[in-house]
Amino acid sequence: MNIILLGPPGAGKGTQAARLVEHHGMRQLSTGDMLRAAVAARTPIGLRAKEVMDRGELVSDEIVSALIDAELTAMGEGVGVIFDGYPRTVQQAEQLDAILARHHRRLDAVIELEVDEEALVRRICGRFSCANCGEGYHDEFKPLRVPGTCDRCGGHEFKRRPDDNEATVRKRLQVYRNETAPILPLYEQRGIVTRIDGMAAIEEVTDAVERALASA
Ligand code: AMP
């Protein structure tokens with residue numbers, strides 16, 4: 001199966017994608033993760049993308065679509081894919097259609113996680129992760145059991161994304177409304193969109209996602 005997880009930043013796309021990877025052996029393709037890796041490795045793409053990302057704006061359609069195309073080429077045909085944070089514009093959605101056709105894949109489902117914007121700002125601004133094992137935390141909703149120590153691996157270093165501050169989050173939400181939400185009608189016409197309440201507990205969202213995939 002090939003599916004798109006759609007929703008504003010902080011809606012829980014990454015969390016749900018990780019669960020699908022665990023339960024179904026699918027591959028998560030997150031353009032945000034790929035770009036952050038490029039920034040960390042100081043590749044030419046990373047150097048160009050960093051400032052755009054720090055401002056909460058979108059990296060060019062050509063760059064992100066090329067990243068996705070390259071990953072699909074490297075992966076071969078047998079593995080199901082979850083697109084997380086891509087496509088984010090109408091042009092990317094069109095590019096994805098062409099990429100999928102080239103790779104003999106079809107899009108089975110688009111899952112939209114619906115969330116309340118003010119709650120998102122709170123969710124995103126408090127989040128951080130262990131620099132060693134990547135476990136995610138939140139100042140308010142999922143604090144460390146022992147201050148300064150990762151519950152999972154015992155690590156003592158943590159990181160926050162530079163774009164997880166209120167001003168940038170509000171910008172990213174605005175970009176989502178203006179640039180990304182308009183791609184939904186394209187997929188609605190094909191009858192493959194399921195809307196899920198992303199404000200529900202993580203387990204409930206996962207159950208709803210599983211039900212949507214079972215009927216896709
Ligand atoms: P994310 O981790 O998905 O929230 O992405 C973080 C940032 O990376 C975004 O705010 C954009 O600057 C950039 N980015 C990620 N995915 C895309 C995409 N599909 N198109 C354009 N920019 C993207």
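A residue is called buried here when its relative accessible area is under 20%, and this cut-off underlies much of what follows about a model that is predicted.

**The first strand**

By that criterion, five of the five residues of strand S1, which spans residues 2-6, are buried, so the strand is largely enclosed by the rest of the structure. The cover extends to both faces of S1, since Asn2, Ile4 and Leu6 are buried on one side and Ile3 and Leu5 are buried on the other. Strand S1 is joined in parallel to strand S3 by four bridges, and within this pairing Ile4 stands opposite Phe83. Strand S1 also pairs with strand S4, again in the parallel sense and over four bridges, with Ala109 of S4 as the bridge partner of Ile3. The pairings of S1, together with the one between S5 and S6, are set out below.

| Strand pair | Residues | Sense | Bridges |
|---|---|---|---|
| S1 and S3 | S3: 81-84 | parallel | four |
| S1 and S4 | S4: 109-114 | parallel | four |
| S5 and S6 | S5: 127-130 | antiparallel | three |

**The open sheet**

Strands S6, S5 and S7 form, in that order, an open sheet of three strands with antiparallel pairing. Strand S6 (136-138) and strand S7 (158-159) stand at its edges with a single partner strand each, so one side of each is left without a neighbour in the sheet. Between S5 and S6, Phe128 has Tyr137 as its bridge partner.

**A buried helix residue**

Ala93 lies in helix H5, which covers residues 90-102, and with a relative accessibility of 1% it counts as buried because this value is under the 20% limit. Apart from neighbours within four places in sequence, the contacts of Ala93 are with Pro87, Ile183, Leu186 and Tyr187. The C-alpha atoms of Ala93 and Asp61 are 9.6 Å apart, although the two residues are separated by 32 positions in sequence.

**The whole protein**

The protein contains nine helices and eight strands, and 45% of its 216 residues count as buried. Its radius of gyration of 17 Å agrees with the value near 17 Å for a compact globule of 216 residues, while its C-alpha atoms fill a box of roughly 50 × 40 × 35 Å along the principal axes. Among contacts with a separation of 6 or more, 69% are between residues 24 or more positions apart. The accessible surface comes to about 11100 Å², and 51% of this area belongs to carbon and sulfur atoms. There are 28 positive and 34 negative charges, whose mean positions are 3 Å apart.

Conventions: Residues are numbered from 1 along each chain as its sequence is written. This is a predicted model: local features need pLDDT of at least 70, side-chain atom pairs count only at pLDDT 80 or more; totals for chains, interfaces and linings use all residues. Side-chain values use heavy atoms; hydrogens and water are left out. Helices (H or I, at least four residues) and strands (E, at least two) are DSSP runs, numbered from the N terminus. The radius of gyration is taken over C-alpha atoms; the globule rule is 2.2 Å times the number of residues to the power 0.38. Buried means under 20% relative accessible area, exposed over 50%, partly exposed in between (1.4 Å probe, protein chains only). Contact means heavy atoms within 4.5 Å. Accessible areas come from the Shrake-Rupley method with a 1.4 Å probe; for residues, only the protein chains shown count as cover. Lys and Arg count as positive and Asp and Glu as negative; His and the chain ends are not counted. The place of a charge is taken as NZ of Lys, CZ of Arg, CG of Asp or CD of Glu. Two strands pair if DSSP finds at least two bridges between them.
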